[in-house]
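Please find below some comments on the model, arranged as numbered points. They concern strand pairing, charged side chains and one part of the surface.

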Amino acid sequence: MGYADRQLTTGESIAYRARQHWLATVVNGRRAWLLLVAGLAVLVLSTQVKDPATVQQLILYAGLALTAVALLWIGLIFWDWQNEEYLVTTRRVIKVEGILNKRLADSALEKINDAFDLMHRGESIRSVVVF
């Protein structure tokens, strides 16, 4: 039983459970992925250097450090993605996020239905849905 399951009220049940597509981790982690590519490029460059061994070792260690930091960063992004969840229950829509400090945001289904009706009638400030 997860954190979200323990937050349900009496008589409330989960109708749908989802999370963002895994490609969202690529978009959110674009800097980490670039750092990984840079680290791997530096590692390849270290094999091509014909300078003294100390310079080659320095470039090798820099490439290893960049690669290690990038992999840790990407791991943190995936861990954060794994701990973000969206639920539709019989009474509300819930978003749960956080790794150590869990945060829960919810909205009653009645509010969502009211906003949808306003958009459908064209009485809202901005309408994104086209009927």
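1. Before the hairpin is described, one term should be fixed: strands are DSSP runs of E with at least two residues, numbered from the N terminus, and two of them pair if DSSP finds at least two bridges between them. The model discussed here is a predicted one.

2. On that footing, strand 3, spanning residues 92-97, pairs with strand 4, spanning residues 103-108, in the antiparallel sense and over six bridges. Five residues lie between the strands of this hairpin, and there Gly98 adopts a positive phi near 115 degrees. Within the pairing, the residue that Lys95 faces in strand 4 is Ala105.

3. Lys95 also takes part in a salt bridge, its partner being Glu97, with 3.6 Å between the closest N and O atoms. Lys95 is partly exposed, its relative accessible area being 28%, and Glu97 likewise counts as partly exposed, at 23% relative accessibility. In general terms, side chains alternate between the two faces of the sheet in a regular strand.

4. The count of salt bridges comes to five. Which residues are linked in a network of salt bridges? The network consists of Glu12, Arg92 and Asp106, and its two pairings are best taken one at a time.

5. In the pairing of Glu12 with Arg92, the closest N and O atoms are 2.8 Å apart. Glu12 lies in the loop between helix 1 (3-6) and strand 1 (14-18), whereas Arg92 belongs to strand 3, so this salt bridge ties together parts that are 80 residues apart in sequence. Arg92 counts as buried because its relative accessibility is 13%, which falls under the 20% limit.

6. The salt bridge between the side chains of Asp106 and Arg92 has an N to O distance of 2.6 Å. Here Asp106 is in strand 4 and Arg92 in strand 3, so the parts tied together are 14 residues apart in sequence. Unlike the buried Arg92, Asp106 is partly exposed, with a relative accessible area of 43%.

7. Is Glu12 buried or exposed? With a relative accessible area of 8%, Glu12 is buried. Its side chain makes a polar contact of 2.6 Å with the side chain of Thr89, and, when residues up to four places away in sequence are not counted, Glu12 touches Thr89, Thr90, Arg91 and Arg92.

8. A second glutamate deserves a comment of its own, namely Glu85, which is found in strand 2, residues 85-89. Glu85 is buried, with a relative accessible area of 17%, and its side chain is joined to that of Arg17 by a polar contact of 2.8 Å. If neighbours within four places in sequence are left aside, the residues in contact with Glu85 are Ala4, Arg17, Ala18, Ile94, Lys95 and Val96. Lys95 thus appears in this contact list as well as opposite Ala105 in the hairpin.

9. Turning to the surface, Trp22, Leu23, Val26, Trp33 and Phe78 make a nonpolar patch of about 440 Å². Of these residues, Val26 can be placed in helix 2, which covers residues 24-28. Val26 is partly exposed, having a relative accessible area of 35%, and it can therefore be included in a patch, for which over 30% is needed.

Terms used: Residues are numbered from 1 along each chain as its sequence is written. This is a predicted model: local features need pLDDT of at least 70, side-chain atom pairs count only at pLDDT 80 or more; totals for chains, interfaces and linings use all residues. Side-chain values use heavy atoms; hydrogens and water are left out. Helices (H or I, at least four residues) and strands (E, at least two) are DSSP runs, numbered from the N terminus. Patches are made of residues with over 30% relative accessible area and no salt bridge: like charges are joined within 9 Å, nonpolar side chains (Val, Leu, Ile, Met, Phe, Trp, Tyr) within 5 Å. Accessible areas come from the Shrake-Rupley method with a 1.4 Å probe; for residues, only the protein chains shown count as cover. A salt bridge is a side-chain nitrogen of Lys or Arg within 4 Å of a carboxyl oxygen of Asp or Glu. Buried means under 20% relative accessible area, exposed over 50%, partly exposed in between (1.4 Å probe, protein chains only). A polar contact is a pair of N or O atoms within 3.5 Å; within protein, one must be able to donate a hydrogen and the other to accept it, and residues adjacent in sequence count only if both atoms are side-chain atoms. Contact means heavy atoms within 4.5 Å.
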